[in-house]
Amino acid sequence: MPMPAKAPATGMAGEVLPRHVAIIMDGNGRWAKQRFLPRLAGHRQGVEAVRRITKAARTLGIEALTLYAFSSENWRRPEEEVSDLMGLLRHFIRSDLDELVRENVQLRVIGNYHRFSKDIVALVDDALARTAHNDGSILVIALNYGSQAELAAVARTLATRVRDGEMPLEAIDEAAIEAALDTRDLPPLDLLIRTSGEHRLSNFLLWQAAYAELLFVDTLWPDFDEAALADAVAHFGRRQRRFGGL
């Protein structure tokens with residue numbers, strides 16, 4: 001079931017904190033192009049940004065951080081680039097898993113990562129198992145994720161339950177849909193950030209973003225740092241969230 005709503009968290013200075021932040025990490029290629037470097041160099045710097053921001057999120061007290069690492073549409077990229085991204089994923093898991101365990105971070109994955117090669121699936125499964133009982137902050141990695149595919153899967157699941165007599169048709173409501181989403185055990189999404197100046201969601205957390213605050217920044221992802229995240233959190237704290245009310 002979806003995690004129950006509760007009072008907003010507050011930081012050390014008393015500011016309102018988002019419980020759940022999601023980031024569309026965009027701009028690695030442009031970062032590299034500006035420096036006359038191969039795209040792989042941009043992706044490598046993007047991984048460094050991931051390390052910075054995951055630590056910064058823990059320091060700020062954010063409960064859950066979801067990162068759009070590999071979309072279901074990214075398979076359309078050149079084969080060499082996809083291979084480079086898979087290599088970086090392997091390296092990140094192998095080099096950073098011990099720290100996630102030490103820092104009491106629970107790793108989760110949304111999306112169909114089983115489409116990846118067997119060795120990556122094994123690495124992800126091991127990482128999920130080793131961090132499953134951690135009860136600190138939550139780091140969610142979206143791998144081979146697409147929100148439309150997620151919603152289609154929810155529709156199939158609920159339709160099957162109705163067909164098999166497990167639930168009446170009338171029981172399909174917002175709560176039933178949320179309970180079948182990949183994010184069902186996470187806090188509601190409060191803040192969605194996209195870097196690099198683009199202003200679209202790119203098939204990411206479409207249902208979950210219904211009442212999230214959206215923030216689009218010009219900073220390219222490899223340059224997004226602790227101060228940029230703190231600014232985003234401060235921006236969130238200044239917004240008035242009415243959820244359709246007055």
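Trainee: What makes up the surroundings that the buried residues of H4 pack against?

Mentor: The buried residues of H4 pack against helix H3 (79-102), strand S5 (106-110) and strand S6 (138-145). Bear in mind that this is a predicted model. The criterion for contact is heavy atoms within 4.5 Å.

Trainee: Which residues of H4 are called buried?

Mentor: The cut-off is under 20% relative accessible area. Ile120, Val121, Leu123, Val124, Ala127 and Thr131 are the buried residues of H4. Viewed along the helix axis, these residues fall within an arc of 160 degrees, so they line one face of H4.

Trainee: What does the face of H4 turned away from its buried side carry?

Mentor: Lys118 and Ala129 sit there, and both are exposed. Exposed requires over 50%.

Trainee: How do you know that the span of H4 agrees with what 14 residues should give?

Mentor: Helix H4 covers residues 118-131, and at 1.5 Å a residue it should span 20 Å. The C-alpha atoms at its ends are 20 Å apart, so expectation and model agree.

Trainee: Which elements supply the lining of the largest cavity, each with at least two residues?

Mentor: H3, S5, H4 and S6 do so. H3 gives the largest share, 6 residues. Val124 and Ala127 are among the lining residues, and both are also buried residues of H4. The volume of this cavity is about 110 Å³, and there are 3 cavities of 30 Å³ or more.

Trainee: What puts the buried residues of H5 on the same side of the helix?

Mentor: The buried residues in H5 are Ser147, Glu150, Val154 and Leu158. Around the axis they cover an arc of only 65 degrees, which puts them on the same side of H5. They pack against S6 and helix H6 (174-180). On the face turned away from them, H5 carries the exposed residues Gln148, Arg156 and Arg163.

Trainee: How far apart are the end C-alpha atoms of H5, and what should its 17 residues span?

Mentor: Residues 147-163 form H5, which at 1.5 Å a residue should span 24 Å; the end C-alpha atoms are 24 Å apart, so the two values agree. After H5 comes Gly165, with a positive phi near 75 degrees.

Trainee: Why are both faces of strand S7 called covered?

Mentor: In a regular strand the side chains alternate between the two faces of the sheet. In S7 (residues 191-194), Leu191 and Ile193 lie on one side, Leu192 and Arg194 on the other, and all are buried. With buried meaning under 20%, neither face is left open, so both count as covered.

Trainee: Which strands are joined to S7 by bridges?

Mentor: Strand S3 (residues 20-24) is joined to S7 by 4 bridges, and the two run parallel. Strand S8 (residues 213-216) also has 4 bridges to S7, again parallel. Two bridges would be enough to call strands paired. Ile193 is the bridge partner of Ile23 and stands opposite Leu215 in S8.

Trainee: Why is Ser196 counted as buried?

Mentor: Its relative accessibility is 7%, so with a limit of under 20% Ser196 counts as buried. Ser196 is in the loop between S7 and S8 and has a positive phi of about 85 degrees, although it is not a glycine. Most residues other than glycine have a negative phi.

Trainee: Is Asn203 buried or exposed?

Mentor: Asn203 has a relative accessible area of 12%, so it is buried. Asn203 lies in the loop between S7 and S8, and its phi is positive too, near 65 degrees.

Methods. Residues numbered from 1 in each chain as written. Predicted model: local features only at pLDDT ≥ 70, side-chain atom pairs only at ≥ 80, totals over all residues. Heavy atoms only, no water. Expected span 1.5 Å × (residues − 1). Buried < 20%, exposed > 50% of the residue type's maximum accessible area, 1.4 Å probe, protein only. Arc of directions from axis to C-beta. 1 Å grid on protein atoms, 1.4 Å probe; cavity = no way out; pocket = protein on both sides within 12 Å on 5 of 7 lines; lining within 4 Å. Points joined across faces, edges and corners; volume = space filled by probe spheres on them.
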